[in-house]
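Let's take a relaxed tour of this structure, one piece at a time. Have the 3D view open as you read.

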Amino acid sequence: MNDIRDAIIIGSGPAGLTAAIYAARANMAPLVIEGEPSSTSDQPGGQLMLTTDVENFPGFPDGIMGPELMTNFRAQASRFGAEFITSKVTRVDFSERPFKIWVGEDAHRARTVIVSTGAQSLMLGLPNEDRLLGHGLSTCATCDGFFFRDQDIAVVGGGDSAVEEATFLTRFASKVYLIHRRDQLRASKIMRERALANPKLDILWNSQVVEIQGDEKLSGVVLEDTLTHDQRPLIVQGLFIAIGHHPNTALFQDQLELKANGYLVTEPNSSKTQIAGVFACGDVQDDYYRQAVTAAGSGCMAAIDAERWLEEHPG
Amino acid sequence: MAKGITDLDMNSFDDVIGSSDTPVLVDFWAEWCGPCKMIAPILEEIASEQDGIKIAKVNVDESPDLARRYEIMSIPALIVFENGEPAKKLIGAKPKGALLEEIGEFL
């Protein structure tokens with residue numbers, strides 16, 4: 001059996017790693033169970049591992065690449081003694097103290113737990129989607145945009161990440177269609193203006209993908225007009241999905257209170273969950289701001305909340 | 001070959017892959033790919049632990065012709081070459097255990 005830790009942090013995006021930096025500096029010797037490599041946005045480093053230039057994280061006037069920023073976060077946490085396990089948590093038990101967290105058969109125990117498991121990309125849920133992933137269909141514009149030089153491609157979505165990806169992809173593609181089911185974009189003003197001004201970017205309003213086509217590789221999609229329900233084919237060689245995220249809360253379903261949309265409930269202006277000693281931060285509990293810097297801020301809150309909780313409950 | 005990861009490009013690729021007496025796992029990667037960075041340390045571990053397979057990598061930015069030849073449309077892409085021919089293609093980052101399982105038949 002492993003020793004009882006002061007703090008275990010589950011997840012390693014901006015929230016988890018900021019919590020790790022603060023907890024490590026507070027001599028809590030945190031263990032970060034950082035997740036395992038994947039290309040689905042649920043991975044060590046979190047969603048920023050799949051992005052390019054991060055232009056809105058304070059302190060980087062020229063922007064910084066998402067993966068590089070997260071490598072820096074991790075190095076900073078390591079420097080102060082945070083330890084890492086590169087695996088996924090398989091089960092938790094918060095019903096008694098010390099809390100228990102399993103990675104496979106290996107049980108870890110902790111006086112406080114900080115949940116920062118983030119959110120992962122939603123998929124369309126259409127036939128052919130899994131089969132064509134990596135064969136023209138992608139969830140990572142940064143990784144795969146390069147392979148679509150001088151081709152026609154489409155991005156599905158209308159939020160900041162969709163618009164950002166579509167804009168990024170115009171560096172490579174000859175034409176980028178942004179397929180959006182509404183008649184206006186949810187993305188921030190600066191991103192919207194950039195998209196609308198980009199001559200290589202065409203926004204297909206009131207449209208949704210109802211079919212993905214292709215044998216060996218993606219050859220096109222069928223679009224449906226959300227108002228008239230008319231269908232029409234769109235020939236593209238690449239399709240990038242950016243339709244939003246779902247919080248990674250399946251592990252905590254029976255243990256912590258969830259909102260109807262699956263996000264964890266925390267007390268207002270705090271990282272406290274309804275179980276004393278279990279704290280949550282970052283996108284797993286934020287269905288509103290969802291920014292790297294707000295995640296980092298809430299990670300700091302969680303570490304301070306955990307530290308104070310330990311002071312008030314010694315032993 | 002010393003245990004480690006060999007960098008391959010257009011000039012060296014065919015020689016190294018064609019002359020290998022063991023399967024070669026080639027990692028197609030790029031500097032700007034986050035998931036590629038995630039699996040790099042895993043591949044280094046596999047290279048030093050497994051004698052039955054060699055590990056090599058191709059930077060798709062520097063060798064776009066090789067990426068095109070093997071129809072890479074997404075990275076990281078791992079292709080196992082046996083007797084100079086592609087025998088298995090894996091796409092996307094995976095944890096070490098899953099990766100070892102996928103390439104188990106070549107170890």
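## Before we start

Helices here are DSSP runs of at least four residues, strands are DSSP runs of at least two, and both are numbered from the N terminus. Keep in mind that this is a predicted model.

## The build of chain B

Let's begin with chain B, which has four helices and five strands. Follow the sequence along and you'll meet them in the pattern β-α-β-α-β-α-β-β-α.

How does the radius of gyration of chain B fit with a compact globule? A compact globule of 107 residues would come out near 13 Å, and chain B has 12 Å, so the two agree. Put a box around the C-alpha atoms along the principal axes, and it comes to roughly 30 × 30 × 20 Å.

## Inside and outside chain B

Of the 107 residues in chain B, 49% count as buried. Now take the contacts in chain B with a separation of 6 or more: 71% of them are between residues 24 or more positions apart.

On the outside, chain B has an accessible surface of about 4,900 Å², and carbon and sulfur atoms account for 44% of that. As for charges, chain B carries 10 positive and 20 negative ones, and the mean positions of the two groups are 3 Å apart.

## Two domains in chain A

Over to chain A, which is divided into domain 1 (4–120 + 245–312) and domain 2 (123–241). Their C-alpha centres lie 31 Å apart. Where they touch, domain 1 of chain A supplies seven residues and domain 2 of chain A supplies nine residues.

## A cis bond in each chain

Go to Pro98(A), in the loop between strand E6 (91–93) and strand E7 (99–103) of chain A. The peptide bond leading to Pro98(A) from Arg97(A) is cis, with omega near -10 degrees.

Chain B has a cis bond too: it runs from Ile75(B) to Pro76(B), with omega near 5 degrees. You'll find Pro76(B) in the loop between helix H3 (64–69) and strand E4 (77–82) of chain B.

## Positive phi without glycine

Ala29(A) is not a glycine, yet its phi is positive, near 40 degrees. Ala29(A) sits in the loop between helix H1 (14–25) and strand E2 (31–33) of chain A. Its relative accessibility is 40%, so Ala29(A) counts as partly exposed.

Asp150(A) isn't a glycine either, and has a positive phi of about 60 degrees. Look for Asp150(A) in the loop between helix H4 (141–144) and strand E11 (152–156) of chain A. Why does Asp150(A) count as exposed? Its relative accessibility is 62%, and exposed means over 50%.

Key. Residues numbered from 1 in each chain as written. Chains lettered and ligands numbered in written order. Predicted model: local features only at pLDDT ≥ 70, side-chain atom pairs only at ≥ 80, totals over all residues. Heavy atoms only, no water. Rg over C-alpha atoms; globule rule 2.2 N^0.38 Å. Buried < 20%, exposed > 50% of the residue type's maximum accessible area, 1.4 Å probe, protein only. Contact = heavy atoms within 4.5 Å. Areas by Shrake-Rupley, 256 points an atom, 1.4 Å probe, with all protein chains shown as cover. Lys, Arg positive; Asp, Glu negative; His and termini not counted. Charge placed at Lys NZ, Arg CZ, Asp CG, Glu CD. Domains from an automatic or database assignment.
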